[in-house]
Amino acid sequence: HAGGAIFFDGGVYQPGEEIGVARYVLGPERAAPAHERHRFRFDWKPLDLPGRHRIMAHLDEWHWESPEARELAAGKIWCDALGDAPRWKTHGFIRAHAGSGKSAFLQYMKALLGAGAHPIQRTYSKTHLEEIGKHTALAILLEEAEGDPGEDAHRLQQILKLLLLLSDEGAVGGRFKREIDLHGPVTMVATLTDDWRATVKSRVILLELRNLRSRQGHALLSDGEIEAMTASAREMSAGFRAAAIASFDLFNENLKLARARILELGGEPRDADTVGHPIAGHATMVLGRVMTADEVGALDRFRPWITTLRDQEDGVDDAMDLIMTLFGLPAQNWRGGDQLTVGQLIARAREPDNDDFRKALLPYGLRLDRRQFVDGSSETWKQAWLAIAHRHPGLDRLFSDYPKYQGLRRSQILGELRINGEAAAKPSDRPLRFAGPQGRAWLVDPRLLPSVEDDRQ
């Protein structure tokens, strides 16, 4: 949609004309992708392969954490040129070290995307992004606003909130409720010293730009050379966007191959989508054809970005981290002058004659659930599973300092809890009562629960 003209399936339409079952209104004028028009018909004029390889050479002027990170960045930009067309919107977060040329990179990215992106923004608020992004599928480029050196925690909190909105829980088409209405992919570039990998991983590709002067054997460009490179990107913009659109079927073929390989490596479907899209974008951009079997096999080099595999190698994952965090949180319960943790409370609740401790769990959205047998007997309290409510104000208060574990996002993570590759959480077969509120819950395997013996060791 170029404002006064709409390009669709080889035909040029006017706003208000019926296309399929839809009518598109008049929009603001913007430059269309490169094309050759024949009255009411048109042909795309895509940027040729040498031009696309020149873009890859331009991107190599920044110091990426690895060659693969540069390829993913290029693939991400290719996906950005496709707007809302891909089956999955891959959002990007680029951690930029001081002196990495982050502003110049965003300006280059904006020049290359041209009319396919909004002007660079410095406000991360939901309201602002929805305002500029409404009715369009243009890419949104975000650069952090410069602040005092001591404001890292506040800036990270702002970014965390946006990442949470863009994750499965909040994004349009997400599993639960719709909390943000964005139709274009987002790229965030920020200088942060905090543990950035603790942010939400779903739907977000995480890349890193390093200090330009720390790179060995590569001369720095002058300001004039950077301006010339950016101007070149601006000239290639219309052809670049035309190439992305004209190659959409080819992109989808490469996407199928990339997704299949990631799943073969042990990644989950969300890994296949989040990483597979930029992989397919890069392959389509630089090859202009379907990947060969050898090229698909070489995709193993992207293992560090496959979240599931990285978590397995680190011995941690979001679900286990959530459970361990819960067990370590302080409870409003004291014994002998010492404040108990939630884990210590659970351990005491698992003892036979400790009804008081079992009642103390309820305000937190927790309870022990024993299975009843046909002969009227039931499991022991040591055999009971821990019920964790899907939604409960007590749990939200417990996790008040952990925004990534709030609300339905917490429930989603718990559903992925595993022990030795086997599911360690199952849904309750009935609503459970938690000190007033009643609702469904996840039941956590007793093998993961703390015991009083743990405190004695």
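Okay, let's begin with strands E13 and E14: 4 bridges join E13 to E14, which covers residues 385-389, and the two run antiparallel. If you want one contact to click on, take Leu 366, whose bridge partner in E14 is Ile 388. And keep in mind throughout that this is a predicted model.

Zooming out, that pair belongs to an open sheet of 4 strands, in the order E13-E14-E20-E17, with antiparallel pairing. Which strands stand at the edges? Those are E13, residues 366-369, and E17, residues 425-427. Each has a single partner strand, so one side of each is left without a neighbour in the sheet. As for the twist, it averages 30 degrees from one strand to the next.

Right, on to the pocket. Rolling a probe the size of a water molecule over the atoms shows where empty space is left. In our model, the largest pocket holds about 1200 Å³ of space. There are 35 residues lining it, and the ones closest to its centre are His 1, Phe 7, Leu 82, Ala 137 and Ile 245.

So who builds the wall? E1, E6, helix H2 (67-81) and helix H6 (223-246) each supply at least two residues of that lining. E1 gives the most, with 3 residues. What is the lining made of, in terms of nonpolar, polar and charged residues? It divides into 22 nonpolar, 7 polar and 6 charged.

Hold on to H2 and H6, please, as they come back with the aromatics. A search of the whole structure finds 12 aromatic pairs. The one I'd like you to look at is Trp 78 with Phe 240: edge-to-face, 5.4 Å centre to centre, with 90 degrees between the planes. This pair links distant parts of the chain, since Trp 78 sits in helix H2 and Phe 240 in helix H6, 162 residues apart. Are these two rings' residues buried or exposed? Trp 78 has 0% relative accessibility, so it counts as buried, and Phe 240, at 1%, counts as buried too.

Now compare that with Phe 399 and Tyr 402. Their ring centres are 6.3 Å apart and the planes stand at 85 degrees, so this pair is edge-to-face as well. Here the surroundings are mixed: Phe 399 counts as buried at 1% relative accessibility, whereas Tyr 402 is partly exposed, with a relative accessible area of 31%.

One more thing on rings before I move on. Trp 62, Trp 64, Phe 105 and Tyr 108 are linked by ring pairs into a cluster, so to speak a little club of their own.

Last topic: backbone oddities. Which residue in the loop between E1 and E2 should you check? That's Asp 9, in the loop between strand E1 (6-8) and strand E2 (11-13). Asp 9 has a positive phi of about 50 degrees although it is not a glycine. It's also exposed, with a relative accessible area of 65%.

Then there's Arg 39, in the loop between strand E5 (35-38) and strand E6 (41-44). Arg 39 has a positive phi as well, about 55 degrees, and again it is not a glycine. Its relative accessible area is 67%, so Arg 39 counts as exposed.

And E1 and E6, which flank those two loops, are also on the list of elements lining the largest pocket. That's a good place to stop. Over to you.

Note on methods:
Residues numbered from 1 in each chain as written. Predicted model: local features only at pLDDT ≥ 70, side-chain atom pairs only at ≥ 80, totals over all residues. Heavy atoms only, no water. Buried < 20%, exposed > 50% of the residue type's maximum accessible area, 1.4 Å probe, protein only. Pairing = 2+ DSSP bridges. Axes fitted to C-alpha atoms, helices over the stretch in contact; angles between N-to-C directions. 1 Å grid on protein atoms, 1.4 Å probe; cavity = no way out; pocket = protein on both sides within 12 Å on 5 of 7 lines; lining within 4 Å. Points joined across faces, edges and corners; volume = space filled by probe spheres on them. Nonpolar A, V, L, I, M, F, W, Y, C, P; charged D, E, K, R; others polar. Phe/Tyr/Trp six-rings, centres within 6.5 Å; stacked < 30°, edge-to-face > 60°.
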